[in-house]
Amino acid sequence: MDSETQRDARLTWSVNPDAPATSNEAKAPFVDNGAGPISPERYFATDWMERERSQLWAKVWNWAAREEDVPEPGDYVTFTIGRESFIITRADDGRIRAYFNVCPHRGNRLVKEDSGSRPDGFTCPFHNWRFGLDGALDKLTDPETFRPEARCRDLSLSEVRCESWEGFVFINMDPNAEPLLDTLGPLVAHAKPYRLRDMRILRRVQAVWESNWKVGVDGFNEAYHVHAVHPQILPIFNDYHAQIDLYPHGMSRMVTKFAHASPRMQDEVNAALRATMCEVGIDPDTFDGPMEAVRPAVQAAKRARAARLGLDYSGFIDNQLTDDWNYFIFPNIQMGIHPEGVSLLYFRPHASDPRRFIFDVIVMLHPQENPEILPPAYMGLPEGWDISGREPAVTEHIDWRDGGLGEVFDQDSSLFADIQMGIESAGFRGSVLSEQEQRIGHFHAELDRYMAHKA
Ligand code: FES
Ligand SMILES: [Fe+2]
């Protein structure tokens with residue numbers, strides 16, 4: 001990599017330098033967000049966390065549910081972000097609606113369960129007021145004991161905006177927020193061929209990690225640490241020549257080549273690349289090309305195999321069959337999108353502790369009944385996992401100290417606790433960013449814009 005030192009690193013790389021400017025793989029223009037330092041207080045100050053409540057979480061689109069979570073009127077799920085809780089339900093007219101999970105009488109939580117079905121509406125367990133699926137108050141206990149001036153107040157549930165994209169239901173507490181699809185920008189078109197709407201969540205694991213949520217976002221927004229923390233994947237992962245694209249609204253993308261060794265490794269067809277070939281039906285003993293030829297060979301083999309297995313790759317370019325196309329949806333979702341499925345990481349703030357966050361690791365796939373089709377190994381599903389999609393996934397709660405998220409995540413989890421401690425040190429002067437970490441700068445620049453606005 002020494003020969004690269006004269007190159008302007010700010011440009012990062014193009015996975016396909018010949019890609020037409022209008023194509024999904026085109027490199028986005030450079031955006032200058034500086035190189036740091038990023039002030040450390042944001043990662044631990046209670047005051048910052050409180051301001052994020054009103055200036056960030058109350059203003060952005062928060063992913064709350066999937067449409068298939070509430071198939072029938074009265075079906076509901078609850079969604080939590082920080083100290084707020086919401087009910088997402090399907091009303092009698094078929095529309096999905098979202099309400100603060102708060103009774104307008106004296107503030108009790110209406111619903112405690114994660115999910116359920118209440119076709120007759122929601123009854124508050126404190127004094128049995130009942131609300132219809134449209135949020136209106138249907139039954140008031142002992143109405144004669146309320147004065148007219150109390151009864152004439154708005155006694156319906158507080159509703160929030162609720163919009164969908166590809167089956168993902170988002171809510172927004174800000175009535176003046178831009179429409180969801182506008183904030184998703186290029187992702188709306190880029191995601192079309194993947195048919196995310198037809199995918200299903202087949203595994204969801206949740207853990208509380210010992211750092212601020214932004215340490216999590218930062219850590220998963222760069223591949224710079226891979227050689228140090230996850231060296232085991234370097235034989236099949238080009239961590240260095242990543243294409244980084246910065247888009248409006250804090251969104252970013254990183255495309256990294258799989259089935260291609262890191263330049264930090266010897267340039268040879270190593271054992272892991274041979275195993276990758278085996279996975280797609282190539283006999284590595286019959287392969288005599290150079291290392292760079294493995295990735296195109298894997299792409300061709302996947303296409304050849306697709307017809308036999310009934311998979312449809314027709315809407316995808318070759319690079320999408322092997323590489324990680326990783327999108328960051330501001331402020332807290334990461335999606336590694338593949339034709340077979342999505343690896344989704346969700347970083348939510350803890351209700352009261354800026355030094356913790358709620359981390360969901362989610363695997364979505366196109367459900368498969370064909371036993372010949374195995375989930376891709378990078379999804380990390382345990383062997384024999386049911387991918388038929390017949391049963392909705394139940395969230396598994398784990399303790400990060402016990403492991404169980406897979407080798408790569410387990411390597412990150414203990415590291416993040418150490419980063420949190422270091423960031424809080426009086427000796428730390430704020431993060432300095434390389435151009436491999438442009439997505440982090442882009443994320444914090446957008447966050448700073450939200451925090452600069454008064455609530
Ligand atoms: S607080 Fe809900 S009915 Fe009284
Ligand atoms: Fe990592």
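Two strands count as a pair here if DSSP finds at least two bridges between them. With that in mind, let us walk through this predicted model, starting with a sheet.

The sheet is open and holds 7 strands, which pair in an antiparallel manner. Going across, you meet them in the order β1-β10-β9-β4-β3-β2-β5. Which strands stand at the edges? They are β1, covering residues 62-66, and β5, covering 115-117. Each of these has a single partner strand, so one side of β1 and one side of β5 are left without a neighbour in the sheet. From one strand to the next, the twist averages 30°.

It is worth zooming in on the β5 end of that order. Strand β2 spans residues 75-81 and runs antiparallel to β5, with 3 bridges joining the two. If you would like a place to look in the viewer, find Y76, which stands opposite G116 in β5.

Next, step back to the domains. The domain assignment of the protein gives two of them: domain 1 is made of 2-47 + 187-452, while domain 2 covers 61-176. Their C-alpha centres are 35 Å apart. Where the domains touch, 11 residues of domain 1 are in contact with 9 residues of domain 2. On the domain 1 side, the elements that give two or more residues are α4 (186-191), β11 (200-209) and β16 (341-349). Which of these elements gives the most? That is β16, with 3 residues. What classes of residue does this side of domain 1 have? There are 8 nonpolar and 3 charged residues, and no polar ones.

Finally, consider a pair of helices. Two packed helices are described by the angle between their axes and the distance between the axes. Helix α5 (residues 213-220) packs with helix α10 (residues 407-423) at an angle of about 125°, and the axes are 10 Å apart. Why is this pair called oblique? Angles of 65 to 115 degrees count as roughly perpendicular and those over 145 as roughly antiparallel, and the angle for α5 and α10 is about 125°, so the two helices are oblique to each other. In passing α10, α5 makes a right-handed crossing.

The contact itself is easy to pick out in the structure. From α5 come V215, G216 and G219, and from α10 come D412, F416, I419 and Q420. Sorted by class, the residues of this contact divide into 3 nonpolar, 3 polar and 1 charged.

Terms used: Residues numbered from 1 in each chain as written. Chains lettered and ligands numbered in written order. Predicted model: local features only at pLDDT ≥ 70, side-chain atom pairs only at ≥ 80, totals over all residues. Helix = DSSP H or I, 4+ residues; strand = E, 2+ residues; numbered from the N terminus. Axes fitted to C-alpha atoms, helices over the stretch in contact; angles between N-to-C directions. Parallel < 35°, antiparallel > 145°, perpendicular 65-115°, else oblique. Left-handed = near helix turned anticlockwise from the far one by under 90°. Contact = placed C-beta atoms within 7 Å. Nonpolar A, V, L, I, M, F, W, Y, C, P; charged D, E, K, R; others polar. Domains from an automatic or database assignment.
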